[in-house]
Amino acid sequence: MSDSTTKVRPSGQTVIGPDKDRFLSHDNPFEDMMARFDHAAELLGLDSGLYKVLRMPEKQIIVSVPIQLDNGEVEVFTGYRVLYNTSRGPAKGGIRFDLKVTLDEVKALAAWMTWKCAVVNIPFGGAKGAVVCDPTVLSLSELERITRRYTAALIDTFGPESDIPAPDVNTNERVMAWIMDTYSMHTRHAVTAVVTGKPVEMGGSLGRREATGRGCMIVTREALNHLKMPLKGTRVAVQGFGNVGSVAAELMAQEGMSIVAVSDNSSAIVNTKGVNVEAALAWIKEHRYLKGFPGGEEIPGNDLLTLDCDVLVPAAVENVITPHNAPSIKAKVICEGANGPTTAGADSILDDKGVFVIPDILANAGGVTVSYFEWVQDRGGYFWDEPTVNERLGRILRTSFQDVLSLSQRHAVNMRTAAYMLSIERVAAVHRLRGMYA
Ligand code: NAD
């Protein structure tokens with residue numbers, strides 16, 4: 001999931017949410033994800049009935065989203081919502097606006113959310129939604145009409161007890177506010193808990209924006225402790241300097257780690273003495289991109305991944321660590337801030353090199369954990385201060401890290417396989433207890 005603000009492209013077009021450039025990936029990370037599911041299910045000895053149940057989404061919905069464009073013409077967009085598994089609680093997952101999104105992709109992303117929620121043991125199932133559209137060519141009012149009509153079409157699915165959307169690629173706080181308002185108009189009273197990632201003024205949680213990056217810092221700290229590596233002076237390279245990467249870099253620097261490289265889609269900057277993260281953030285605030293930042297030396301973007309460092313944080317896009325570059329990776333720890341940054345083919349190469357990988361479903365689960373806190377606060381009507389949010393987030397992520405670590409030691413598997421085993425078993429256990437309704 002992704003919270004982000006409105007951006008203006010150099011062309012003057014307005015883009016809401018994370019940068020569209022993230023779509024430039026060519027492989028399918030979701031097939032990789034299901035391959036990992038199969039591997040973990042086999043190691044667990046999952047019985048064939050449950051295997052069949054967990055490999056299929058519970059519900060796949062396709063809706064038409066007709067709206068009147070600003071020029072008066074009518075256009076019909078296609079919307080999807082997939083509820084992958086709701087055995088552990090209401091479905092949880094973001095909504096993206098993307099021209100290239102397919103139902104298969106939404107299905108796999110919904111599965112991903114199921115495992116992510118289970119690995120941190122929060123009482124949610126997994127979902128994902130999308131509207132096939134290009135937000136870069138739509139006006140804000142057209143996007144609002146799409147959001148409201150999509151919400152109305154899914155009014156029987158969405159709900160604080162059934163299915164709770166959140167921001168994802170190209171959607172943001174403002175879109176969540178429109179969904180909350182549309183849903184509330186239909187139910188005739190304000191229902192804040194129907195979405196997370198809302199503005200704080202209307203029931204959003206303090207600490208949500210920073211939660212994913214904070215989670216990366218927390219699990220990296222756990223990994224370094226486990227590997228008996230010091231925090232102070234540990235050299236970190238961060239790919240992607242958006243919501244996740246910049247917060248992770250900032251908080252890791254506060255812990256005494258040295259951020260030796262940062263990059264975005266305009267440039268990669270190296271400084272062996274440590275990049276001044278605050279100065280880099282201030283530069284981006286003024287110039288929108290890292291390009292030209294004077295606090296280090298510019299290197300080709302891909303070189304950041306194979307830089308001499310202790311911790312690598314891929315926090316940009318999927319499929320960046322592949323069999324091609326994995327042999328050259330020098331980091332001892334990889335903290336997967338992004339979803340799917342490592343292809344399945346690269347896993348065994350990293351294993352052979354002894355790289356300790358904190359898998360995405362654990363490393364970036366801080367965001368959905370604080371979304372869970374937001375839902376809890378909305379339902380309770382009582383809001384926590386930021387230190388409370390951060391302290392509870394820390395507790396959940398430290399416990400989850402240790403749960404995954406001990407499973408990986410017990411079964412002599414890597415952290416990724418252990419994370420899948422833990423989450424699949426948690427979902428399977430609830431299915432066994434609930435039994436099969438027929
Ligand atoms: P964002 O749009 O705020 O930031 C993405 C950053 O990556 C930008 O700085 C962009 O310039 C940079 N980037 C894009 N392509 C790049 C490339 N090829 N090389 C280097 N940098 C590149 O997005 P975000 O919210 O920070 O999300 C980043 C990743 O984390 C995504 O995979 C997202 O799915 C995942 N994620 C985000 C959250 C969240 O709460 N934001 C939660 C879970 C997972």
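In this predicted model, Arg392 lies over the face of Trp384, at 4.3 Å from the ring centre. A second arginine has a comparable role in the description: the charged end of Arg379 sits over the ring of Trp375, 3.9 Å from the centre of that ring. Both tryptophans belong to a cluster, in which ring pairs link Trp375 and Trp384 with Phe124, Tyr372 and Phe373.

The aromatic rings may be followed further through the chain. The count of aromatic pairs comes to eleven. One of them is formed by Phe37 and Tyr51, whose ring centres are 5.9 Å apart and whose planes meet at 25°. Because planes under 30 degrees apart count as stacked, the pair of Phe37 and Tyr51 is described as stacked. This pair links distant parts of the chain, with Phe37 in helix α1 (residues 29-44) and Tyr51 in helix α2 (residues 48-54), 14 residues apart. Phe37 has a relative accessibility of 0% and therefore counts as buried. Tyr51, with a relative accessible area of 26%, is partly exposed.

Another pair brings a strand and a helix into the account. The ring centres of Tyr84 and Trp115 are 6.2 Å apart and their planes stand at 70°, so this pair is edge-to-face. Here too, distant parts of the chain are linked: Tyr84 belongs to strand β4 (residues 74-85) and Trp115 to helix α3 (residues 103-119), with their positions 31 residues apart in the numbering. Tyr84 is buried, at a relative accessible area of 3%, and Trp115 also counts as buried, at 0% relative accessibility.

The cysteines remain to be considered. A disulfide is a covalent bond between the sulfur atoms of two cysteines. How many disulfides does a search of the whole structure find? The search finds zero. Why does Cys117 have no such bond? The closest cysteine sulfur to that of Cys117 is in Cys216, and at 16 Å the separation is too far for a bond. Cys117 has 0% relative accessibility, and so counts as buried. Cys309 is likewise in no disulfide, and the nearest cysteine sulfur, that of Cys335, is 12 Å away. With a relative accessibility of 1%, Cys309 counts as buried.

Methods: Residues are numbered from 1 along each chain as its sequence is written. This is a predicted model: local features need pLDDT of at least 70, side-chain atom pairs count only at pLDDT 80 or more; totals for chains, interfaces and linings use all residues. Side-chain values use heavy atoms; hydrogens and water are left out. Rings of Phe, Tyr and Trp (its six-membered ring) pair if their centres lie within 6.5 Å; planes under 30 degrees apart count as stacked, over 60 as edge-to-face and the rest as tilted. Helices (H or I, at least four residues) and strands (E, at least two) are DSSP runs, numbered from the N terminus. Buried means under 20% relative accessible area, exposed over 50%, partly exposed in between (1.4 Å probe, protein chains only). A charge sits over a ring if NZ of Lys or CZ of Arg is within 6 Å of the ring centre and within 35 degrees of the ring normal. A disulfide is a pair of cysteine sulfur atoms within 2.5 Å.
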